[in-house]
There are 2 protein chains.
Amino acid sequence: MDDLFLRACRRAPVERTPVWFMRQAGRYQPEYRALRERHGILEICRTPELAAQVTALPVAQLGVDAAILFSDIMVPVAAMGASLEIVEGRGPVIDPPVRSADDLGRLHALEPDGDVPFVMDAVRHVVEQLGHPLIGFAGAPFTLASYLVEGGPSRDYARTKALMWSDPGTWDRLMSLLADSMAAYLRAQVAAGAAAVQLFDSWVGALSEDDYRRCVLPYSARILAGVEGVPRIHFGVGTGHLLEAMRDAGADVVGVDWRTPLDRAWKRVGEDVALQGNLDPAAVLASPEALGRAVVGVLDAAGGRAGHVFNLGHGVLPSTDPAALRSVVDLVREHTGGSP
Amino acid sequence: MDDLFLRACRRAPVERTPVWFMRQAGRYQPEYRALRERHGILEICRTPELAAQVTALPVAQLGVDAAILFSDIMVPVAAMGASLEIVEGRGPVIDPPVRSADDLGRLHALEPDGDVPFVMDAVRHVVEQLGHPLIGFAGAPFTLASYLVEGGPSRDYARTKALMWSDPGTWDRLMSLLADSMAAYLRAQVAAGAAAVQLFDSWVGALSEDDYRRCVLPYSARILAGVEGVPRIHFGVGTGHLLEAMRDAGADVVGVDWRTPLDRAWKRVGEDVALQGNLDPAAVLASPEALGRAVVGVLDAAGGRAGHVFNLGHGVLPSTDPAALRSVVDLVREHTGGSP
């Protein structure tokens, strides 16, 4: 485990702070947009050569220290029997949605090597090509359930919460199915060569801590406990009030959005976990001076502690200039001791 | 100041906890939907008789303890020269947007009695009709600026933040203009009979506390300091990390969303301010049993402290059943000592 990124995840000494970006492969890249003119998103996710190509592209272009598998969190859920479409400008749409015990009958537990072999093939492709570690990933049960129950992206997750509160039995069946499936999915990615995993609970910040601990944490914890031997990163946007709880779910690295300064986050979760974050993605759209101040602000809050993985506090925005993102990588290297 | 709601805002003794709901007038009501078939939203906002009728409707129907003026936060901004349209399913759209010092030249400071006389007429109408206090309201400068700069609703407020960080001079001019205008707007509503005011900074939770204190608080504070003699409520969704800062802006009553339990919120802001909140709006869509538990959970966290105004943690959801909302009012009365 000599790699810089992996050492930081383990809170081991590093010669400089490693950096990667959530959604570092995507619409802000001209090369990605060109590829998307010829291929649908799901087609890219399901074609190992294309997924590997998209995954590797930002590593060379930006000089980041890790790759993250290009995919959509709903790809394995579609393979479990949900009817998935990715609608431009809207996101993943599930039609019909899964809202009742009966609807649950349409889903089966994921068998990764049989249901989504192309994902493991993509992982192997990237690992062969790349000198950097690959981060495997999966969506966490609450976020996946929200797409299934709402039938797509949501502002308020009202149907999901109503099911969670009103019908604990169906909720438990749905969350258990998703948890066991995603644990198997991450284990298969690790077996294929992923050196770390990130469990994305993108929308779980919509819950209070009490609801999170009662209705979500046990299922996320089951996944994280089921993936051993590699660093486990756990992240959701707007989860400043859940940081301790997401640590308790079993994260080795807690992802922090830009709303919680890293020094305060560490005070709360304790210094025996690593933190990942947390530049505001909008800062990359500001003037070079303002961007520079923001990057230094994140590094100052991290204070040179062991166990800092530099990242944005959410995904790269589509209107981002790749050159500005590259300048963030250079700034992090300059300020933390490496050559730019 | 004998009124129950006003006493709770001042942390004076009350015989039971007062209750009202953000967006208690709106799409979830069949009567409102019927009215909207014949009149546009802006037409209702600009017609005193219609605005007064919509404002008063939920008071009788739900038995709440206060009315809140029915309007849109962008109505006064349109009267300042911004080109506003309310687009069904999207929200307020400003086209062209206001993104530069030049664009700012299109806006003038609001003169409430000249620019939006219909608002004060609506306030007078409601106050004459109603036995309950009327809450006047305005949008806070950050939220208003976000609509102007983005040109409509946004997920990430990236252009707004980029302007805020990159061009402090233009940001100051824009925020000062909005602050002085909204202070005048709220004073005019109070002069017309509003018994309290709420300053909505709906989207300011997108900022870190540091950015909030540097770039937003001074302007919101200018408004709150400019409105005297009535309780000042201040609220934004997802502002759990900003509660102390929003108190420091000069709120008498801090609105809390459902993510922060009221006992923890009071521990942080101190017991010399009142709190408003904070039932998850999605709870009203759950089973009666789950809803009852959630209401009691909020009341337990409030712990019978002086200065609790019961509300949702955000606006009423459009899919809400009016009868379920009415049952919340009854539950609050039963559990806090009044007759249902």
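This section describes how chain A and chain B are arranged and how they touch in a predicted model.

The two chains are related by a simple operation. A turn of 180° with a shift of 0.0 Å along the axis lays chain A on chain B, and the RMSD of this superposition is 0.0 Å. The relation is therefore that of a two-fold axis. Both copies use the same surface for the contact, since 100% of the contact residues of chain A recur in chain B.

The extent of the interface can be given as a residue count and as an area. In the contact, 27 residues of chain A meet 27 residues of chain B. In general, the accessible area lost when the parts come together is often used to state the size of an interface. Between chain A and chain B the buried area is about 1,900 Å², and carbon and sulfur atoms give 55% of that area.

Charged and polar groups also pair across the interface. Four salt bridges are counted between chain A and chain B. A salt bridge joins the side chains of A:Arg264 and B:Glu209, with an N to O distance of 3.0 Å. Polar contacts between the two chains amount to 10 residue pairs, with both residues at pLDDT 80 or more.

On the side of chain A that touches chain B, helix H10 (158-166) and helix H16 (288-302) of chain A each supply at least two residues. H10(A) gives the most to this side, with five residues. Sorted by class, the side of chain A that touches chain B consists of 12 nonpolar, nine charged and six polar residues.

Key: Residues numbered from 1 in each chain as written. Chains lettered and ligands numbered in written order. Predicted model: local features only at pLDDT ≥ 70, side-chain atom pairs only at ≥ 80, totals over all residues. Heavy atoms only, no water. Least-squares fit on C-alpha atoms with pLDDT ≥ 70 in both. Contact = heavy atoms within 4.5 Å. Buried area = accessible area lost by both parts, 1.4 Å probe. Polar contact = N/O pair within 3.5 Å; in protein donor to acceptor, adjacent residues only side chain to side chain. Helix = DSSP H or I, 4+ residues; strand = E, 2+ residues; numbered from the N terminus. Nonpolar A, V, L, I, M, F, W, Y, C, P; charged D, E, K, R; others polar.
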